[in-house]
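Colleague: I would like a close look at the pockets and cavities of this model. Please take me through them slowly, with the residues and elements around them.

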Amino acid sequence: MDWGRLRFFLGEVLANFTRNAGMQFTAIGTVAVTIVLLGSFLYVRETIQTFGTGVLSQIEIAVYLKDDVDDAKARALATKFARDRRIARATYVPKAQGIKRMQQVLGRDFDTSLLTSNPLPNTYHVQAKDADLVPAVAAWIAKDPRVAKTDYAADTVQKLLKTAAVLGRAGIALIALLSLSAAIVIANTIRLTVFARRREIAIMQLVGATNMYIRMPFIAEGILAGVLGAGLAIGVLAVAERQVVPKLAQTLAFVTFHVNETALCLELLAVGAAVGLLASWFSVGRHLRT
């Protein structure tokens with residue numbers, strides 16, 4: 001690599017970038033606002049996903065066995081569960097242990113003095129490896145002749161899964177919309193820069209410069225504007241996190257406000273750079289085709 005040419009190239013990019021400081025400031029500010037909105041959305045979405053994943057991971061399928069299934073046959077069912085890769089774990093609760101648990105939970109409100117026999121069935125508590133697998137695993141278990149009934153709060157699970165799917169699709173749409181709006185602003189800024197330097201571009205074309213050679217400085221300016229806008233937005237988000245999140249954590253004590261900050265910052269910088277690159281690429285390309 002020719003470091004002299006690289007240093008000259010970067011120097012020219014910085015010179016042109018500062019020469020159009022007003023337009024670049026507008027582009028950086030717009031990208032920063034967009035990235036702040038995008039970063040806020042990603043933070044909230046990751047927090048909700050973490051909370052939802054925690055709730056979904058605790059979903060258990062209660063498997064009630066038939067009354068004529070004795071303890072030996074019930075314990076044999078554990079082998080079947082262990083062979084299924086969809087099942088994370090299955091805990092057997094004999095009816096005698098089940099009634100003790102109920103007494104511990106309900107305390108004095110649960111009077112067993114009138115009972116002539118234990119009314120509870122032998123039970124398994126089954127946890128699937130993935131919440132999406134819960135309905136299928138429950139249906140598979142229910143087909144076993146030893147099983148009387150399965151229960152996993154189907155309505156609640158289905159609503160949680162649908163909510164997670166909707167949030168995922170809405171997130172992709174919002175990210176695309178915000179990125180597009182930032183790209184339009186950068187593209188317009190680059191177009192103004194291209195128009196101001198149209199004579200220089202025409203001379204370069206006359207002496208045989210390739211389109212890629214002409215494009216590179218503008219692409220570098222677009223990437224620089226995108227990265228600076230993303231960096232400014234990350235600073236704003238960091239300040240907002242320190243001020244807002246502790247207050248939210250006190251109000252919503254059951255929600256864990258924790259995201260991978262390094263990964264989020266890298267994602268935002270990558271989005272800013274990608275938006276700047278694509279916007280400048282299409283903007284300059286449009287001028288070169290005319």
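Modeller: Happy to, and one term is worth settling at the start: buried means under 20% relative accessible area, exposed over 50% and partly exposed in between, with a 1.4 Å probe and protein chains only. This is a predicted model, in which local features need pLDDT of at least 70 and side-chain atom pairs count only at pLDDT 80 or more, while totals for chains, interfaces and linings use all residues. Residues are numbered from 1 along each chain as its sequence is written, and side-chain values use heavy atoms, leaving out hydrogens and water.

Glu221 makes a good way in. This residue sits in helix α8 (helices are DSSP runs of H or I with at least four residues, strands are runs of E with at least two, and both are numbered from the N terminus). Glu221 counts as buried because its relative accessibility is 0%. Setting aside neighbours within four places in sequence, its contacts (heavy atoms within 4.5 Å) are Val13, Asn16, Phe17, Gln24, Ile190, Thr193 and Arg197. Further along α8 we come to Leu248, which counts as partly exposed because its relative accessibility is 36%. From Leu248 to Ala164 the chain runs 84 residues in sequence, and their C-alpha atoms are 22 Å apart in space.

Now to the spaces themselves. They are found on a 1 Å grid over the protein atoms alone: a cavity is a set of points where a 1.4 Å probe fits but cannot get out, a pocket is an open set with protein on both sides within 12 Å along at least five of seven lines, and lining residues have an atom within 4 Å of a point. Points are joined across faces, edges and corners, and a volume is the space filled by probe spheres set on them.

The largest pocket holds about 480 Å³. Its lining has 23 residues, with Tyr43, Leu237, Ala240, Glu241 and Val245 nearest the centre. Helices α2, α8 and α9 each give two or more residues to that lining, and α8 contributes the most, 9 residues. By class, the lining splits into 17 nonpolar, 3 polar and 3 charged residues (nonpolar are Ala, Val, Leu, Ile, Met, Phe, Trp, Tyr, Cys and Pro, charged are Asp, Glu, Lys and Arg, and the others, Gly among them, are polar).

The second largest pocket has a volume of about 410 Å³. It is lined by 14 residues, and Phe8, Phe9, Glu12, Tyr213 and Pro217 are the closest to its centre. Here α1 (3-19), α7 (198-206) and α8 each supply at least two lining residues, with the largest share, 6 residues, coming from α1. The class count for this second pocket is 9 nonpolar, 1 polar and 4 charged.

What about enclosed space? There is 1 cavity of 30 Å³ or more, with a volume of about 40 Å³. Around it stand Val31, Thr34, Ile35, Leu38, Leu178, Ser179, Ala182, Val271, Gly272 and Val275. Elements giving two or more residues to this lining are α2 (21-57), α6 (154-196) and α9 (261-289), and α2 has the largest share with 4 residues. In this lining 7 residues are nonpolar, 3 are polar and none is charged.

The UniProt record, an unreviewed entry, gives the feature "transmembrane region" at residues 21-44, 170-190, 218-240 and 260-284; its positions are in the numbering used here, the feature name is shortened, and the annotation may be inferred rather than shown by experiment. Residues 21-44 are 100% helix and 0% strand in the model, and the end C-alpha atoms lie 34 Å apart. For residues 170-190 the content is likewise 100% helix and 0% strand, with 30 Å between the end C-alpha atoms.

For contrast, let me finish among the strands. Thr123 belongs to strand β3, residues 123-128, and counts as buried because its relative accessibility is 8%. Not counting residues up to four places away in sequence, Thr123 touches Val63, Tyr64, Thr91, Tyr92 and Val93. Asp68 lies in the loop between β1 (61-65) and α3 (71-83), and counts as exposed because its relative accessibility is 63%. The C-alpha atoms of Asp68 and Pro121 are 9.6 Å apart, with these positions 53 residues apart along the chain.
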